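Got your viewer open and a selection box ready? Let's take a walk through this one together, one stop at a time.

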Amino acid sequence: MESDYDELDRRLVHALQIDPRAAFSTIADVLDVSDRTIARRYARLRSTGAVRVLGGVDPTALGAVHWFLRVRCAPDAAVPVAEALARRPDTSWVNLSAGGTEVTCTVRTENEADSEALLLSTLPRTRRVEGVTAHSVLHAFYGGSDSLVAKVGTLDEEAIERLRPPPIAHRPGPVHLDDGDRKLLAALAIDGRTGFERLAAVTGWSPTTVRRRMRELREHGVLYLDIDIDGALFGSTSRTLLWLSVTPAHLEETGAALAEHPEVAFAAATTGPTNLYATAVCANQRELYRYLTTRVAALPAITHIETAPVIRTVKQAGHQR
């Protein structure tokens, strides 16, 4: 089937991955097209849901706990359970997998007490839930501000260097959010390209204060800028969840190697029955088979692998579909 996207769309998306808040004039200059063309292309891609620039929050920077949950349901219950989970403000990704009898979701809990309430009380008492497996994220090897587009994008090194923003300094220490911060982060979660004037109106701050606070939140690792895309842009429409067991002595090197694979959109070390998780994005089932029998098979420390193809995404990057 012919794609609805062309090479300029892909180059534009790659440019946004490099600098999600880059001015259209800067992108236009690098791609050698007019500002109007870039603005029009971006408006079309955003209106159709093909690309979203968003401000993400790393929960671990705020002392929160990041969980992957596998919720096993009765065959006729998976969809309503998934939809109920998607309505929760603490979930960001909710998928139907395992032939439609399992719901997988990512959940953020603010502290250990919230984790206990979620895992021991809230979910098990939900009717038609047959079991829950929880995996706490210990370390992310790839994901967050690291996008799959960086691996499959079509821009050359010269264009990438022209678009690359100055590096963000790392600022250690605790971060305390006030109401203005929460309003700022909520606005950026909807549209990471929201202008400083608009953000000032939302927060009640001046544009200068907004700019400064955004920089501080990024330096503390709380805020990162990301893009969410339609996989069809780059010919990858099949998403599969991988649950892997790795000998502990080789967990770090195996996770780092997995993160380098062009098929991997996210990889993390976790607690739970398996200790390594990844999301693989492939063009089709044939390419998934090739990936599993070549790149994954070449990692000797993997002792077990379970694959769960995603058959429907109910909530994606914090937005219900």
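What follows is a tour of a predicted model, with something to select at each stop.

**Stop 1: the largest core**

Start by selecting Leu12, Val13, Ile27, Leu31, Leu45 and Leu155. Among the 26 residues of the largest nonpolar core, these are the ones that touch the most other members. Now colour the elements that give two or more residues to this core: α1 (7-18), α2 (24-31), α3 (35-47), β1 (51-57) and α7 (157-163). Which element gives the largest share? That would be α1, with six residues. As a rule, nonpolar side chains in soluble globular proteins tend to be buried together.

Zoom in on leucine 155 next. Setting aside residues up to four places away in sequence, leucine 155 touches Arg11, His14, Ala15, Ile18, Leu31, Ile160 and Leu163.

**Stop 2: a second core and alanine 278**

There is also a second, separate core of 21 residues, and Leu242, Leu251, Ala278 and Ile302 are among its members. Pick alanine 278, which sits in strand β9 (residues 276-282). Is alanine 278 buried or exposed? Its relative accessibility is 0%, so alanine 278 counts as buried.

Show what surrounds it: beyond its neighbours within four places in sequence, alanine 278 is in contact with Thr240, Leu241, Leu242, Leu244, Leu258, Phe266 and Ala267. Try a distance label as well. From C-alpha to C-alpha, alanine 278 and valine 264 are 6.7 Å apart in space, with their positions 14 residues apart in sequence.

**Stop 3: arginine 239, a buried charge**

Move to strand β7 (residues 238-246) and select arginine 239. This arginine is buried but has no salt bridge; aspartate 228, the nearest side chain of opposite charge, is 8.1 Å away. What does the side chain of arginine 239 meet in a polar contact? Look for asparagine 95, whose side chain is joined to that of arginine 239 by a polar contact of 2.9 Å. Leaving out neighbours within four places in sequence, the contacts of arginine 239 also include Trp93, Thr279, Ala280, Val281, Pro309, Val310 and Thr313.

**Stop 4: the two sides of α9**

Select helix α9 (residues 196-203) and turn it until you look down its axis. Phe196, Leu199, Ala200 and Thr203 are buried here. From this viewpoint the buried residues fall within an arc of 105°, so they line one face of the helix. On the other side of α9 you'll find Glu197, Arg198 and Ala201, which are exposed.

Bring back α8 (179-190) and α10 (207-219): the buried residues of α9 pack against both. Before you leave, click on glycine 204, just after α9, where phi is positive at about 85°.

**Stop 5: salt bridges**

How many salt bridges does the structure hold? There are 21, and a few are worth a visit.

- Select arginine 312 and glutamate 83, whose side chains meet in a salt bridge (3.7 Å, N to O). The pair links distant parts of the chain, 229 residues apart: arginine 312 is in strand β10 (residues 302-316) and glutamate 83 is in helix α4 (residues 78-86). Arginine 312 is partly exposed at 34% relative accessibility, and glutamate 83 is partly exposed at 29%.
- Next, find arginine 88 and aspartate 90, which form a salt bridge with their closest N and O atoms 3.0 Å apart. Arginine 88 is partly exposed, at 22%. Aspartate 90, at 17%, is buried, because the cut-off for buried is under 20%.
- Then go to helix α12 (residues 285-296), where glutamate 287 and arginine 290 lie three residues apart, about one turn of the helix. In their salt bridge the closest N and O atoms are 2.9 Å apart.
- Finally, select Asp6, Asp9, Arg41 and Arg44, which are joined into one network by salt bridges that share partners.

**Stop 6: glutamate 263**

Last selection: glutamate 263, in the loop between α11 (251-260) and β8 (264-270). With a relative accessible area of 7%, glutamate 263 is buried. Arginine 290 turns up again here, since a polar contact of 2.9 Å joins its side chain to that of glutamate 263. Another polar contact, of 3.1 Å, joins the side chains of glutamate 263 and arginine 295. Beyond residues up to four places away in sequence, glutamate 263 also touches others, including Leu148, Thr279, Cys282 and Tyr291.

Conventions:
Residues are numbered from 1 along each chain as its sequence is written. This is a predicted model: local features need pLDDT of at least 70, side-chain atom pairs count only at pLDDT 80 or more; totals for chains, interfaces and linings use all residues. Side-chain values use heavy atoms; hydrogens and water are left out. Helices (H or I, at least four residues) and strands (E, at least two) are DSSP runs, numbered from the N terminus. Buried means under 20% relative accessible area, exposed over 50%, partly exposed in between (1.4 Å probe, protein chains only). Contact means heavy atoms within 4.5 Å. A nonpolar core is a set of buried Ala, Val, Leu, Ile, Met, Phe, Trp, Tyr and Cys residues joined through side-chain atoms within 4.5 Å. Lys and Arg count as positive and Asp and Glu as negative; His and the chain ends are not counted. A salt bridge is a side-chain nitrogen of Lys or Arg within 4 Å of a carboxyl oxygen of Asp or Glu. A polar contact is a pair of N or O atoms within 3.5 Å; within protein, one must be able to donate a hydrogen and the other to accept it, and residues adjacent in sequence count only if both atoms are side-chain atoms. The arc is that of the directions from the helix axis to the C-beta atoms.
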